[in-house]
Amino acid sequence: MLFQLACKNILRNRRRTMLTEISIVFGVLVIIGSGNFINGMQRDWAKFEINSSTGAFQVEHRDYQALGKSEPLRVTLENSTRLVENISGIPGVHSAYGKLNFTGMVSSGLKSTFFDGQAVDVARQRKTLTRQEDLIVAGKPLGDAPGAVVLGADLADTLDIKIGDPVTIVVRTFHGGLNLTYGTLVGTKNGRHFPSSTYLEVPLGDAQKLLRASDRVSQVVVGTQDFDAIPALMQRTDAALRSEKTAYTVRGYAELIPIYAQAIASFKVISAVVGFVLFVLVGGGIGNVMAMAVMERKREIGTLRALGMEKNQVRRLFLAEGFIIGGIGAATGLLIASVLTGLIATHGGIHLPPPPGTSQSLIVIPQMDLWMSSFGVVMPLLVGVFAAWWPASTSANLSPVEALTET
Amino acid sequence: MRISQKIGTHAARSLLLATALLLTVGIPLDSAAEEPTPLQILDRADDKWELNLRNATVELEFLVYREKVLNKTYRMVLKYQDTDHVLVETVYPPRNEGEKMLQAGRRNYWLFLPNINRAVRVSESNSLSNSDFSNTDLLSPRLSNEYVPKLLGIEKLHDDEAYKLELTAQNESTPYARIIYWVRKADYFPLRRDYYTFSQQLLKRLDMKASSPDMSGPDTFVMSSVLEQDKKTVVRYLKRTPGKAFPAETFRESALMKR
C-alpha cells in the first residue's frame with residue numbers, strides 16, 4: 001500500500017523524476033564504469049608484465065632478497081634442471097624456466113662498464129613469456145646459438161656498439177675467480193624491470209659455463225594460462241616445494257612488478273574520491289527532489305495526517321520514495337554499465353599508449369569489478385534513503401491544521 | 001829413463017783422466033746445485049716485489065690512461081704491517097680524499113667511503129680505484145701462496161734473459177686461473193705477468209721496472225687491459241719509508257669508520 005503510493009507520487013512529476021534518475025544513472029555509470037576500467041587495466045597491465053617479464057610468479061632462494069644484490073651467486077638454487085622439471089609438472093603450470101642473475105664488466109674493445117646480467121633458458125623462456133619479444137627495440141631476441149648477447153638499449157649506447165658487434169664479458173665466477181668470454185650483440189631491449197643502462201642478457205648455458213655455476217639458477221619463472229588461478233597455483237607450488245632441502249620462497253607478480261602495488265592503491269584512492277564526489281552529487285539531487293516534494297505536497301500531507309496517517313507512516317512514505325528513485329537509478333546504471341563494458345570488451349577494448357620504456361601499446365579490456373559494482377548499486381539506494389530523511393522528518397512533523405491551511 | 005818416462009806418462013794420463021772425470025761429472029753437479037726450482041724462482045721474485053714492505057709506508061701515484069690520454073691521477077699512502085695487512089688511504093684528488101681500502105688478512109678486503117661513513121666488504125678481484133689493477137694485483141704480491149709454478153723455459157725479454165714460469169691457481173677461488181710470469185734470470189727481478197682467466201683467455205698484462213738501478217725491486221707497474229684498446233694504469237712508488245710500526249687496530253675493519 002505504502003509502496004504503491006510512493007510509486008504513484010514519484011510518477012506525478014515525471015520530468016523532475018526523470019532528471020533525478022538521469023543524474024543517478026550517470027553517477028552509477030561513472031562509478032561502475034571507472035571500476036570496470038580500472039579492474040580491466042589492472043588485469044591487462046598484470047597480464048602484459050606476466051607475459052613479457054615476470055611470469056605469474058617466481059621461485060627463489062629464501063635469502064635472495066637480502067643477498068641477491070650484493071652476492072647474487074651465493075643465493076642460487078642448485079639442481080635447477082630437476083627443480084624446473086618438478087615445477088613444470090605441477091597441475092596448472094603451463095611452463096617454467098630458470099634464470100641466473102650475475103654482475104660483471106662488459107667491453108666493446110674501446111669502452112667498458114659494469115652490467116647487471118640475466119641469463120635465461122631461451123627455449124623455455126619463449127614458451128613461458130609469450131610477449132617477451134615485445135621488449136626488443138632493435139635486432140632480435142636471444143636465439144639457440146651460443147655467444148649471443150642482448151643489451152639494454154642505453155647500455156649499447158654507452159658502449160657505442162650496434163647489432164653484430166663483438167663484446168667481451170668479464171665476471172667473477174661462483175668460486176671467486178675471474179673469467180672472460182666473447183659474444184656478439186644480437187639485440188637491444190627496454191623494459192621497466194631492468195635498468196636499460198646496465199642490462200645484459202645471455203643464454204643460461206653460456207652463463208653457467210662462464211660463471212662455473214653448473215646447474216644453478218637464481219629464480220625459476222613460472223607461467224600459467226589461468227590468470228585468476230594464480231594465487232591458488234602459488235599455494236600449490238609452495239606446498240610442493242616444502243619437502244625440498246633448500247628453503248624456497250614464492251613471489252607473485254604483484255610483488256614482482258615495480259610500482260604495481262602502489263599504482264593499484266592509487267587507483268583505489270581515485271575510485272574512492274570519485275565515489276565520494278558522486279555520493280554528494282547524487283545525494284544532493286535526491287535530497288532536492290524530496291525537499292521540493294515536501295514543499296509542494298504540504299496540503300496533501302495535511303490531508304493524510306487528518307485522515308489518520310501516523311507521523312511514522314508519513315516519514316516511511318517519503319523514505320520509500322527516496323529508496324525507489326535510488327533503486328531505479330542504480331538498476332538502470334548497472335544495466336547500462338554492464339552493456340557498455342561488454343560492448344567495449346567484444347570490440348577489442350581500449351587502446352592506450354605504450355607504457356614507459358616499451359614500444360607496445362597497452363589494450364585495456366574492461367572487466368566487471370564486483371566491489372565497485374556493489375558500491376555503485378548500494379550507494380544510490382542508501383543515498384536515496386539518507387537524502388530523503390530530512391524532508392521526510394519535516395513532513396512528518398507538520399501539523400495537519402497548519403498543512404491544510406497553508407497556501 | 002823409460003821407467004820414469006812410463007811413470008810420468010801414466011801420471012799424466014791419470015791426471016787427464018781425473019780432469020776429464022771432473023769435467024764430465026763435476027760441472028753438471030755444480031750447475032744442478034745452482035739451478036733453482038720453479039718455486040724458488042717464484043719465491044725470490046716475490047721477495048723482490050715485496051721490497052721489504054713489512055712495517056713500512058709507501059706513497060704512490062696512480063695514473064689511469066684511457067685511449068692513450070691520462071684520464072685520472074690518484075695519490076695514495078699505503079701503510080704496511082705485512083703483505084697481508086695493508087691500509088690504503090687516498091690523498092688525491094680532493095674528491096676521493098679520505099677513501100680507504102683495507103686488507104685485513106688474506107682475501108679480506110674492505111672499502112671505506114667517507115661520504116657515507118660506511119665500510120663495505122669487497123672482493124680481491126674488484127678494481128682498485130676504478131683502475132686496471134684489482135685489489136689483489138697490488139696488495140697481495142706473494143704469488144707463491146696461491147699458485148703452483150712450473151718452468152716453461154728461459155727466453156729473452158727486453159734484452160734480459162728471463163725465466164718463463166707458468167703459475168696455475170691452487171683452487172678456483174684464486175682470482176686468475178693462470179699467470180705467465182717472466183723473472184729476470186740474473187737477479188730474479190719480476191719483469192712481466194700475463195693474467196689469464198678460467199676460460200684461458202688473456203685478461204691483462206703487467207710490466208714492471210725499477211726507476212733507478214739502486215732499486216732492488218720494481219717501483220713502476222704498468223697494467224694494460226685486453227678489454228679496451230689503449231687503456232692502461234701506471235703505478236709509481238714515490239717514496240718508501242721503512243721502519244714504521246702501526247698499532248694493530250689500524251688494520252681492523254672496525255677502525256675504518258669515523259667516530
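How many of the five residues of strand β8 in chain A, residues 199-203, are buried? Five of the five, so to speak of β8(A) as mostly covered is fair under the cut-off of 20 or more other C-beta atoms within 10 Å. Before I go on, a reminder that this is a predicted model.

Let me stay with β8(A) for a moment. On one side is strand β3 of chain A, residues 112-120, which runs parallel to β8(A) and is joined to it by five bridges. In that pairing, Gln118(A) stands opposite Glu201(A). The other partner I want to mention is strand β5 of chain A, residues 148-152, which pairs with β8(A) in the antiparallel sense over two bridges. There, the residue opposite Leu200(A) is Leu151(A). To put the two together, β8(A) has a parallel pairing with β3(A) and an antiparallel one with β5(A).

Now chain A as a whole. The chain has 14 helices and twelve strands. Its radius of gyration is 31 Å, while the globule rule gives 22 Å for 407 residues; the value is well over the rule, so chain A is more spread out than a compact globule. Taken along the principal axes, the box filled by its C-alpha atoms is roughly 100 × 45 × 35 Å. Of the 407 residues, 43% count as buried. On contact order, take the contacts in chain A between residues at least 6 apart in sequence: 81% of these join residues at least 24 apart.

One helix deserves a word. Helix α2 of chain A covers residues 14-54, which is 41 residues. From first C-alpha to last, α2(A) reaches 56 Å, close to the 60 Å expected at 1.5 Å a residue. Just after that helix comes Gly55(A), with a positive phi of about 75°.

Next, chain B. Here we have three helices and 13 strands. Buried residues make up 32% of its 259 residues. For contacts in chain B between residues at least 6 apart in sequence, the share that joins residues at least 24 apart is 43%.

What do the two chains put into their contact? Chain A gives 18 residues and chain B gives 17. On the chain A side, three strands each supply at least two residues: β2, 95-107, β6, 166-172, and β7, 178-189. Of these, β7(A) has the largest share, four residues. Sorted by class, the chain A side has ten polar, five nonpolar and three charged residues.

On to the nonpolar cores. The largest has 112 residues, and those with the most contacts inside it are Val149(A), Val220(A), Val222(A) and Val183(B). Take Val183(B) from that list. If we leave aside its neighbours within four places in sequence, its contacts are Ile41(B), Ala45(B), Ala162(B), Tyr163(B), Leu165(B), Tyr188(B), Pro190(B) and Leu191(B). There is also a second, separate core of 36 residues, which includes Ile24(A), Val289(A), Val294(A) and Phe318(A).

I will finish with some loop residues in chain B, starting with backbone geometry. Tyr92(B) and Pro93(B) are joined by a cis peptide bond, with omega at about 5°. Pro93(B) sits in the loop between β3, 85-92, and β4, 100-104, of chain B.

Two residues other than glycine have a positive phi here, and I take them in turn. Asn55(B) has a phi of about 50°. Its place is the loop between α2, 38-50, and β1, 56-66, of chain B. Asn55(B) has 15 other C-beta atoms within 10 Å, so it is partly exposed. Gln200(B) has a phi near 65°, and it is found in the loop between β10, 190-196, and β11 of chain B. Is Gln200(B) buried or exposed? Exposed, because it has 10 C-beta neighbours inside 10 Å, and the cut-off for exposed is 12 or fewer.

Last is Met215(B), in the loop between β11, 202-209, and β12, 220-225, of chain B. Met215(B) has 16 C-beta neighbours inside 10 Å and therefore counts as partly exposed. In sequence, Met215(B) and Lys48(B) are 167 residues apart; in space their C-alpha atoms are 9.6 Å apart.

Note on methods: Residues are numbered from 1 along each chain as its sequence is written. Chains are lettered from A and ligands numbered from 1 in the order in which they are written. This is a predicted model: local features need pLDDT of at least 70, side-chain atom pairs count only at pLDDT 80 or more; totals for chains, interfaces and linings use all residues. Two strands pair if DSSP finds at least two bridges between them. Two residues are in contact if their C-beta atoms, placed from the backbone, lie within 7 Å. Ala, Val, Leu, Ile, Met, Phe, Trp, Tyr, Cys and Pro count as nonpolar, Asp, Glu, Lys and Arg as charged, and the others, Gly among them, as polar. A nonpolar core is a set of buried Ala, Val, Leu, Ile, Met, Phe, Trp, Tyr and Cys residues joined through C-beta atoms within 7 Å. The radius of gyration is taken over C-alpha atoms; the globule rule is 2.2 Å times the number of residues to the power 0.38. The expected span of a helix is 1.5 Å times one less than its number of residues.
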